[in-house]
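Student: Could you take me through one part of this structure slowly, as I am new to reading helices? I would like to see how one helix sits among its neighbours.

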Amino acid sequence: MNSSVASDGGTSASDGSGHDRRRARTERAILDATRELLAEAGFGSLTVEGVAGRAGVAKTTIYRRYRSKNDLALGVLLDMVGDVSTRPYARDTRTELVTLVDRTVGLLTTSLLGRVMQGLVSEVAADPELARVYRERVVSRRLADVRALVERGISRGELRPGVDPETVTDLLLGPVYYRFFLSGSPLDEGFGERLVATLYPCFAAPGRSGPE
């Protein structure tokens with residue numbers, strides 16, 4: 001995905017704000033069209049031509065912003081990914097951990113985000129640039145959420161000092177993605193509670209490993 005957006009035509013300083021608004025509307029139309037087509041037919045049927053037709057823009061307009069349909073799908077994913085947050089914060093860390101797992105499961109299994117991720121997973125593995133953007137914009141955001149959660153838990157005296165947020169992220173969300181992408185085992189109601197009950201003693205401060 002291009003880090004900057006090329007202009008759609010010449011513009012002067014005096015009408016720069018109008019140009020920015022037109023550019024933002026075009027970007028929104030492209031992402032909305034991509035989202036609609038992904039919801040209707042999935043990643044395998046997505047094409048730049050189809051997005052251009054649905055959005056009412058030229059293919060060249062899309063290619064100034066996105067290298068391929070992979071980048072378009074990633075753009076939709078980035079547009080949606082902020083929803084997997086623990087905010088508003090709970091009063092205790094254990095509940096926040098369960099909430100993080102439950103929201104991740106819910107988004108993967110009941111929303112378009114899961115279908116987009118299924119379509120992109122092999123592309124991310126094969127495309128270094130796509131992988132870089134995915135790590136910087138998706139993985140780093142999730143790690144930042146867990147880091148803040150861990151820091152709150154340590155300050156509350158609920159987690160051991162020195163707990164590694166990346167390890168917590170791997171142990172909590174790794175089983176979710178393994179079941180979703182590979183094993184097909186159920187991500188049923190209560191999975192988050194069971195997972196956290198198993199892992200929480202690994203992170204908890206002495207005497208704080210049981211349910212709150």
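Tutor: Happy to! A residue counts as buried when its relative accessible area is under 20%, and as exposed when that value is over 50%. With that in hand, we can say that 42% of the 212 residues of the protein chain are buried. Please keep in mind that this is a predicted model.

Let's set the scene. The protein chain has nine helices and zero strands, so from the N terminus on its elements read α-α-α-α-α-α-α-α-α. Among contacts with a separation of 6 or more, 68% join residues 24 or more positions apart.

The part I would pick is helix H5, residues 93–110. Two packed helices are described by the angle between their axes and the distance between the axes. We can use that for each of three partners in turn.

Start with helix H7, which covers residues 128–155. The axes of H5 and H7 come within 10 Å and cross at roughly 165°. Because the angle is over 145 degrees, H5 is roughly antiparallel to H7. The crossing of this pair is left-handed. On the H5 side you will find Thr 93, Glu 96, Leu 97 and Leu 100, and they meet Arg 142, Val 146, Leu 149, Arg 152 and Gly 153 of H7. Sorted by kind, the residues of this contact are four nonpolar, two polar and three charged.

One residue here deserves a pause: Arg 142, which lies in helix H7. Its relative accessible area is 8%, so Arg 142 counts as buried. The side chain of Arg 142 also makes a polar contact, at 2.7 Å, with the side chain of Asp 145.

Next comes helix H9, residues 191–203. Here the axes of H5 and H9 come within 8 Å, and they cross at roughly 135°. That angle makes H5 and H9 oblique to each other, and H5 passes H9 in a right-handed crossing. From H5, the residues taking part are Thr 93, Arg 94, Leu 97, Val 98, Val 101, Asp 102 and Val 105; from H9, they are Phe 191, Gly 192, Glu 193, Leu 195, Val 196, Ala 197 and Tyr 200. This contact divides into nine nonpolar, two polar and three charged residues.

The third partner is helix H8, residues 165–183. The axes of H5 and H8 come within 11 Å and cross at roughly 25°. Since this is under 35 degrees, H5 and H8 are roughly parallel to each other. Their crossing is right-handed. H5 brings Leu 97, Leu 100, Val 101, Thr 104, Val 105, Leu 108 and Thr 109 to the contact, while H8 brings Val 168, Leu 172, Leu 173, Val 176, Tyr 177 and Phe 180. The residues of this contact divide into 11 nonpolar, two polar and no charged.

Finally, look at the loop between H8 and H9, where you will find Pro 186. With a relative accessible area of 51%, Pro 186 is exposed. Leaving aside neighbours within four places in sequence, Pro 186 is in contact with Arg 179 and Phe 191. Pro 186 and Val 176 are 10 residues apart in sequence, and their C-alpha atoms are 9.6 Å apart in space.

To gather it up: H5 is roughly antiparallel to H7, oblique to H9 and roughly parallel to H8.

Terms used: Residues numbered from 1 in each chain as written. Predicted model: local features only at pLDDT ≥ 70, side-chain atom pairs only at ≥ 80, totals over all residues. Heavy atoms only, no water. Axes fitted to C-alpha atoms, helices over the stretch in contact; angles between N-to-C directions. Helix = DSSP H or I, 4+ residues; strand = E, 2+ residues; numbered from the N terminus. Parallel < 35°, antiparallel > 145°, perpendicular 65-115°, else oblique. Left-handed = near helix turned anticlockwise from the far one by under 90°. Contact = heavy atoms within 4.5 Å. Nonpolar A, V, L, I, M, F, W, Y, C, P; charged D, E, K, R; others polar. Buried < 20%, exposed > 50% of the residue type's maximum accessible area, 1.4 Å probe, protein only. Polar contact = N/O pair within 3.5 Å; in protein donor to acceptor, adjacent residues only side chain to side chain.
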